[in-house]
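Open the structure in a viewer and keep the sequence to hand. The stops below say what to select and what is found there.

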Amino acid sequence: MNKDVLIKMEAEKKYPLEIKDVPPEEQAEVHKYLTNAKPDYIRMGSTGYFFPDGLKEICNKIYNMEVRPNDVFVVTFPKSGTTWVQELVWLIGNDLDYKTASNVQLFQRFPFLEFTMVLRSPKINKWLGERVETDPKLRPFYESFTRNSRSDATIFKAPSPRFIKSHLPFSLLPPTLLDTAKVVYVARDPRDAAVSYYHHCRMMLLHGFGGDFRAFWNLFINNKVDYTPYEAHIKEAWEKRHHPNMLFLFYEELSKDLPAAVRRVSQFLNKPVTEEQVMRLCDHLHFDNFRKNMSVNMDIFKHIGLINKDDHFIRKGKAGGWRDYFDEEMTQQAERWMKEKLGDTVQFPICKI
C-alpha cells in the first residue's frame with residue numbers, strides 16, 4: 001500500500017475515548033478564580049480527566065503517535081518534580097553532556113507533549129493575542145509557539161532519541177507506549193503537589209489563578225483542576241510499576257536520597273555511571289544550584305511577561321511543606337480524602353497518611 005495512504009489512514013483513526021464538555025455551572029466554579037483567560041473545559045476518558053478544551057485538537061494525534069524503541073518519556077502529575085527528573089534523565093541519557101544542558105533550554109531538549117493544548121484553546125489564544133497587541137515583547141514568543149503548535153516537527157518528527165515530557169495519565173497516552181519505550185513516572189504526596197500547583201497557577205499568567213489556597217485545594221479534590229482526578233492518575237501508573245520499561249519513583253525518594261535515585265535511573269536507562277559522576281550530577285541537581293540554573297528555571301519567560309517577575313518556577317522543593325498551608329480542618333479533610341481515594345494502594349515513603 002502507498003506510504004501516503006497509510007499515513008492518511010493513521011491520521012484518520014477515530015479517537016476511541018469519550019470527550020464531554022464540562023457543564024456551564026461547573027466551569028463557572030473555576031472561572032470565578034481566573035483573572036486572565038477563562039477557557040472552556042472538557043472531561044476525557046472513562047475517568048473524566050479535566051482539561052482545557054484545546055486538548056481536543058491534539059488528543060487523537062497523541063494517542064495514535066508512533067512510539068519509538070529509543071524514546072524516553074517522563075510522565076508525572078503536574079508539580080511532582082518533573083523538571084528535576086527531566087534534567088536527571090536527559091543528562092544520564094546523553095552521557096552527562098553538561099555543555100549542551102547548559103546551553104540549550106530544557107524545554108527544547110525535553111519537549112512537553114501536550115503543551116500546545118493551551119494555545120489551541122480558543123479563549124486562551126484570544127487572550128494571549130490581545131496581550132501581544134499591547135506588549136510587543138510577547139510577539140516573538142506568540143508567533144513562534146503558534147507556528148510550532150501547528151507543526152509536528154518539535155516532537156512527532158524529531159530525530160531519535162527523543163526525550164518527551166507529559167502530564168497525561170497512561171490511559172490518554174499511546175497504548176503502545178510501555179511495550180515500546182522507556183517511561184520514568186514520578187509521584188508526589190498530593191498535598192505537596194497541590195501546594196506547588198497552586199503557586200504555579202498563580203505564577204503563570206496563562207493560568208492566572210487569583211483565589212487563595214483553600215479555594216484551589218477544594219477545586220483540586222473535586223477534580224476541577226487540569227489533569228485531575230489526581231488519584232486516578234497515580235493509580236494508573238502504580239498498576240504498571242512492575243513493567244520492565246517502567247521506573248516508578250517517588251519525589252520523596254529523590255529528596256531523601258538523590259544519589260540512590262541517580263543510580264536507579266542509570267541502571268534503568270542502561271547508562272553506567274561512576275560514583276564520581278553520581279556526585280557531580282547530584283551537585284548539579286542540588287536545589288540551590290538547580291534553582292539558579294538558567295537552562296531549567298524558566299526565567300526566560302519572565303522577560304516576555306508570561307511569569308510574574310516576583311515568582312519562581314522552581315520554588316522550594318520541600319517534601320512535607322504542605323503543613324505550612326493546611327490548617328487543622330484542611331489537614332483532617334485531606335486525610336479523609338486520601339484514605340477514601342488512595343487507601344493502602346499507594347504508600348508514600350515519607351508523607352504517609
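## A strand and its two partners

Select Val-74 first, then Lys-165: the two stand opposite each other, with Lys-165 belonging to strand β5. This is a predicted model. Now extend the selection to residues 72-76, which make up strand β4.

Is this strand mostly covered or mostly open? It is mostly covered, as five of its five residues are buried. View the side chains of β4: Val-72, Val-74 and Thr-76 point one way, Phe-73 and Val-75 point the other way, and all are buried.

Add residues 163-166, strand β5, to the view; β4 and β5 run parallel and are joined by four bridges. Then add residues 182-187, strand β6. This strand also runs parallel to β4, and five bridges join the two. To find a matching position here, select Phe-73, which stands opposite Val-183 in β6.

## A lysine over a ring

Stay with β6 and select Lys-182 together with Phe-268. The charged end of Lys-182 sits over the ring of Phe-268, 4.5 Å from the ring centre.

## Salt bridges

How many salt bridges does a search of the whole structure find? The count is 13. Three of them are visited here, including the one between Lys-123 and Asp-40.

Select Lys-123 and Asp-40: their closest N and O atoms are 3.0 Å apart. Lys-123 is in helix α8 (residues 122-134), while Asp-40 is in the loop between α2 (24-31) and β2 (41-44), so this salt bridge ties together parts that are 83 residues apart in sequence. Lys-123 has a relative accessibility of 40% and counts as partly exposed. Asp-40 is partly exposed as well, at 28%.

Next, select Arg-214 and Asp-327. Their side chains meet in a salt bridge, 2.3 Å from N to O. Which parts of the chain does this pair tie together? Arg-214 lies in helix α12 (residues 213-221) and Asp-327 in the loop between α17 (287-292) and α18 (328-341), so the parts tied together are 113 residues apart in sequence. Arg-214 counts as partly exposed at 34% relative accessibility, and Asp-327 counts as partly exposed at 33%.

For another salt bridge, select Glu-253 and Arg-264, where the closest N and O atoms are 3.0 Å apart. Glu-253 is in helix α14 (residues 251-256) and Arg-264 is in helix α15 (residues 258-268), eleven residues apart. Glu-253 is partly exposed, with a relative accessible area of 26%; Arg-264 is partly exposed too, with 34%.

## A buried aspartate

Select Asp-226, in the loop between α12 and α13 (230-238). Asp-226 is buried but has no salt bridge. Which side chain of opposite charge is nearest to Asp-226? It is Arg-43, 9.3 Å away. A salt bridge needs the nitrogen and the carboxyl oxygen within 4 Å.

Now show what surrounds this residue. Leaving aside neighbours within four places in sequence, Asp-226 is in contact with Tyr-41, Phe-50, Phe-51, Pro-52, Phe-77, Tyr-197 and His-207.

## Rings around a tryptophan

A search of the whole structure finds 30 aromatic pairs. For one of them, select Trp-238 and Phe-248: their ring centres are 5.1 Å apart and their planes are at 80°, so the pair is edge-to-face. Trp-238 lies in helix α13 and Phe-248 in strand β7 (residues 246-250), so the pair ties together parts that are ten residues apart in sequence. Trp-238 counts as buried at 16% relative accessibility, and Phe-248 counts as buried at 7%.

Keep Trp-238 selected and add Phe-250. These two form a tilted aromatic pair, 6.0 Å centre to centre with 50° between the planes. Phe-250 lies in strand β7 and is twelve residues from Trp-238 in helix α13. At 7% relative accessibility, Phe-250 counts as buried.

The last residue to select is Arg-241. What does Arg-241 lie over? Arg-241 lies over the face of Trp-238, 3.9 Å from the ring centre. With Arg-241 in view, the stops around Trp-238 include its edge-to-face pair with Phe-248 and its tilted pair with Phe-250.

Terms used: Residues numbered from 1 in each chain as written. Predicted model: local features only at pLDDT ≥ 70, side-chain atom pairs only at ≥ 80, totals over all residues. Heavy atoms only, no water. Buried < 20%, exposed > 50% of the residue type's maximum accessible area, 1.4 Å probe, protein only. Pairing = 2+ DSSP bridges. Lys, Arg positive; Asp, Glu negative; His and termini not counted. Contact = heavy atoms within 4.5 Å. Phe/Tyr/Trp six-rings, centres within 6.5 Å; stacked < 30°, edge-to-face > 60°. Lys NZ or Arg CZ within 6 Å of the ring centre and 35° of its normal.
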